[in-house]
Amino acid sequence: MSATSPNEYPTVAPPPSIISDSLTNLGLTTDTLYYGLKFKATSAPLSGLLNRLRKKQSDMDLDIACALYSEGCDLIDLVWFKALRDKSAAVRHQGDSLNGKDRGQQALFDGPLNPEQIEIRLNRLPRSVAHIALILTSYHGQSLREVEAGTVRLSDDEGHHAFSINLTSLPDKCNAMWVAHLRREVDEWHLTVQNLALETKDMPEISTFIATELARSLPTVVHFK
C-alpha cells in the first residue's frame with residue numbers, strides 16, 4: 001500500500017475489507033508505529049435506563065489501549081490511560097483526551113494531530129511480546145457511532161498508513177471494539193484488522209477475552225504415540 005498524504009487514509013468500514021498482511025506489504029516501512037484516535041467533540045445520551053429517562057447527556061470520552069501478550073497468549077502488559085507505558089517503555093500512551101478537543105486548536109478533528117495516540121516501538125519490544133491488541137472504548141458507555149465524526153488508525157512515523165476506521169459506521173450500541181491485532185512472525189510483524197464489537201468496556205475483561213480468542217486461533221499441536 002502506497003503512502004498517502006497526512007489527511008488521506010484508506011478507510012475500513014463494517015463489514016471491513018479483509019486486511020491481513022505483513023506491515024511491509026501494507027506499506028509501513030519503519031519500526032515506529034502510531035495508533036491514533038481523532039474524534040469531533042460530541043455530547044451524547046448516557047447509557048442506562050435511568051439516564052435515558054432523565055435524558056442525561058455527557059461529552060463523549062473515547063479511549064485507545066494496547067494489550068501485550070506472550071506467544072502463549074498470556075497478558076504481559078496493558079497500556080491505557082491508567083498505565084501510560086509498558087514495563088519496557090516501548091509502548092507509550094501520549095496522553096488521554098477527555099473529549100476530543102482538549103489538546104488545543106491543532107488537535108481538533110480537522111487538524112493534523114491525533115488528540116490521543118499510542119507510540120509503538122517494535123524494535124524495542126522484548127522478545128517475550130508476540131501479540132499486540134489495539135483496542136477502542138467509550139468511557140461513559142455511549143455507542144461509538146454516536147460521535148459526530150471520528151477515526152481510529154494505524155500509521156508509521158514516515159506517514160505511511162495501514163488503515164483508518166470511520167467510527168460513525170460502526171454497529172449500533174457498540175461501546176468497545178477490538179480494532180486490530182499485531183502478531184510477531186520470524187522477522188516481521190503481521191497486521192490483521194479485527195473490527196470486532198465487544199460486549200464490555202471494562203479493560204481487564206476485554207484483555208482476558210482477547211487472550212482467550214488469541215489462544216483459540218493458535219494452531220493445534222497433535223502428539224502421536
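## A walk across a six-stranded sheet

Cys66 stands opposite Leu134 in S10. That pair is a handy place to step into this predicted model, and from here we can work outwards, strand by strand.

Cys66 belongs to strand S6, residues 62–69, which runs antiparallel to S10 and is joined to it by eight bridges. Further along this pairing, Leu68 has Ile132 of S10 as its bridge partner. Cys66 itself is buried, with a relative accessible area of 0%.

Now look at S10, which spans residues 131–138. How many of its residues are buried? Eight of its eight residues are. The cover extends to both faces of the strand: His131, Ala133, Ile135 and Thr137 are buried on one side, and Ile132, Leu134, Leu136 and Ser138 are buried on the other. So Leu134, the residue opposite Cys66, belongs to the second of these groups.

Crossing from S10 to S13 brings us to another antiparallel pairing, this one over seven bridges. Here Ile135 stands opposite Trp178 in S13. Strand S13 covers residues 176–184 and is in turn joined to S14 by seven bridges, again antiparallel. A hairpin makes the connection between S13 and S14, passing through four residues. Within this pairing, His181 has Thr192 of S14 as its bridge partner.

One more step takes us from S14, residues 189–197, to S2, residues 20–22; three bridges join these antiparallel strands. Look for Asp21, which stands opposite Leu191 in S14.

Put together, the strands form an open sheet of six, in the order S2-S14-S13-S10-S6-S7, with antiparallel pairing. Its edges are S2 and S7, the latter at residues 75–79, and each of them pairs on one side only. On average, neighbouring strands of the sheet are turned by 20° against each other, direction ignored. Helix H2, residues 203–217, packs on this sheet and touches S6, S7, S10, S13 and S14. The direction of H2 makes about 140° with that of S10.

Let us return to the cysteines. A disulfide is a covalent bond between the sulfur atoms of two cysteines. How many disulfides does a search of the whole structure find? The search finds zero. Cys174 is buried, with a relative accessible area of 3%, and Cys66, where our walk began, is buried at 0%.

Note on methods: Residues numbered from 1 in each chain as written. Predicted model: local features only at pLDDT ≥ 70, side-chain atom pairs only at ≥ 80, totals over all residues. Heavy atoms only, no water. Pairing = 2+ DSSP bridges. Helix = DSSP H or I, 4+ residues; strand = E, 2+ residues; numbered from the N terminus. Buried < 20%, exposed > 50% of the residue type's maximum accessible area, 1.4 Å probe, protein only. Disulfide = S-S within 2.5 Å. Axes fitted to C-alpha atoms, helices over the stretch in contact; angles between N-to-C directions. Contact = heavy atoms within 4.5 Å.
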